[in-house]
Amino acid sequence: MSIFRKIISALRGGASEVGEAIVDSNSTRIFAQEIRDAENHLTKAKRDLTDIMAKQMQAEREVSRVKRSVSEHEGYATQALSQGNESLALEVAEKIATLEVELNDQLQANQSYSASAERLKHLVKTTERQLADYQRQLSMVKTTESVQKATAAITTNFSSSNSKLLSAKESLERIKAKQQNFDDKMQAAEALEAEGSDKSLRDKLAQAGIGEQQTSANSVLERLKAKQG
């Protein structure tokens, strides 16, 4: 039984490791989903807060209404007493007592709604600030992940002798060498052609001052001056 329990523990440990690996590999996605869930809860909380604030406003109106009614009936009771009609005054007083019970209930309801509204407003503001911070953190986490992936790709390319970047560099060098070899051949062919042509011979004779020389403007002017002299 001891061995069996150890096997079960090992399997549970392995499952836990697999689960943690899955969570780690999807941590950013999980974090983003948790933020979305929190935003949905916040939206619902705001709707609930709106309902509570509406009920608070209704309770405030009821408090004002009952207060006016109490004041109004106190006036009636005072008038009945001034007329010596104590029985009528007592009846009005009973109405006032009922109104005061209602007023007390409405005041308690109003205080309860007001306290709940203030507490929820504080929670909503705190949650909004927290979510805004988490959104900023999520943006930075995503950017960091992208940079790390790019860095890893670059490192892998440079660390491997058969990497794509090194292969591209070698291809570029081969292309440049091939083009340079082509240019060298063209220049050599042009030089060889020039050496075997009459132009090459004329150039060599001209450089030696032999043969027909090109007439310059100065030589023509000297010749004309000699004729005049």
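**Helix packing in a predicted all-helical model**

N110 is found in helix α3, which covers residues 86–159; helices here are DSSP runs of H or I of at least four residues, strands are runs of E of at least two, and both are numbered from the N terminus. The model is predicted, so local features are reported only at pLDDT of at least 70 and side-chain atom pairs only at pLDDT 80 or more, while totals for chains, interfaces and linings use all residues. Residues are numbered from 1 along each chain as its sequence is written, and side-chain values use heavy atoms, with hydrogens and water left out.

The relative accessibility of N110 is 16%, and N110 therefore counts as buried (buried means under 20% relative accessible area, exposed over 50%, and partly exposed in between, with a 1.4 Å probe and protein chains only). When neighbours within four places in sequence are left aside, N110 is in contact with Q56, A59 and E60, contact meaning heavy atoms within 4.5 Å.

The secondary structure of the protein chain consists of six helices and zero strands, giving the pattern α-α-α-α-α-α along the sequence. The chain has 229 residues, of which 13% count as buried. About 18500 Å² of the protein chain is exposed, and carbon and sulfur atoms supply 55% of this area; accessible areas come from the Shrake-Rupley method with a 1.4 Å probe, and for residues only the protein chains shown count as cover. Among contacts between residues at least 6 apart in sequence, 74% join residues at least 24 apart.

Helix α2 has 56 residues and should span 82 Å at 1.5 Å a residue, which agrees with the 81 Å between its end C-alpha atoms (the expected span is 1.5 Å times one less than the number of residues). Just after α2, G84 takes a positive phi of about 80°.

The largest nonpolar core has nine residues, namely A32, I35, L42, L49, I52, A117, V124, L131 and L138. The elements that give two or more residues to this core are α2 and α3, and its largest share, five residues, comes from α2. A nonpolar core is a set of buried Ala, Val, Leu, Ile, Met, Phe, Trp, Tyr and Cys residues joined through side-chain atoms within 4.5 Å. Outside its neighbours within four places in sequence, I35 is in contact with L131, Y134, Q135 and L138. Apart from the largest core lies another core, of eight residues, including A77, I96, L99 and L103.

A pair of aromatic rings is described by the distance of the centres and the angle of the planes. Rings of Phe, Tyr and Trp (its six-membered ring) are taken to pair if their centres lie within 6.5 Å, with planes under 30 degrees apart counted as stacked, over 60 as edge-to-face and the rest as tilted. By this rule the count comes to one aromatic pair. The ring centres of F31 and Y134 are 5.8 Å apart and their planes stand at 75°, so the pair is edge-to-face. This pair links distant parts of the chain, with F31 in helix α2 (residues 27–82) and Y134 in helix α3, 103 residues apart. F31 has a relative accessible area of 22% and is partly exposed; Y134, with 35%, is partly exposed.

Side chains of opposite charge can pair when their charged atoms come close. The structure holds six salt bridges, a salt bridge being a side-chain nitrogen of Lys or Arg within 4 Å of a carboxyl oxygen of Asp or Glu. In one of them, the side chains of E128 and K46 meet at 2.6 Å, N to O. This pair links distant parts of the chain, E128 lying in helix α3 and K46 in helix α2, 82 residues apart. E128 is partly exposed at 33% relative accessible area, and K46 counts as partly exposed at 35%.

A salt bridge also joins E118 and K121, whose closest N and O atoms are 3.7 Å apart. Both residues lie in helix α3, three residues apart, about one turn of the helix. E118 is partly exposed, with 48% relative accessible area, and K121 is partly exposed, with 29%. D133 and R136 form a salt bridge at 3.6 Å, N to O. D133 and R136 are three residues apart in helix α3, and are therefore separated by about one helical turn. Salt bridges that share partners join E62, R65 and E102 into one network.
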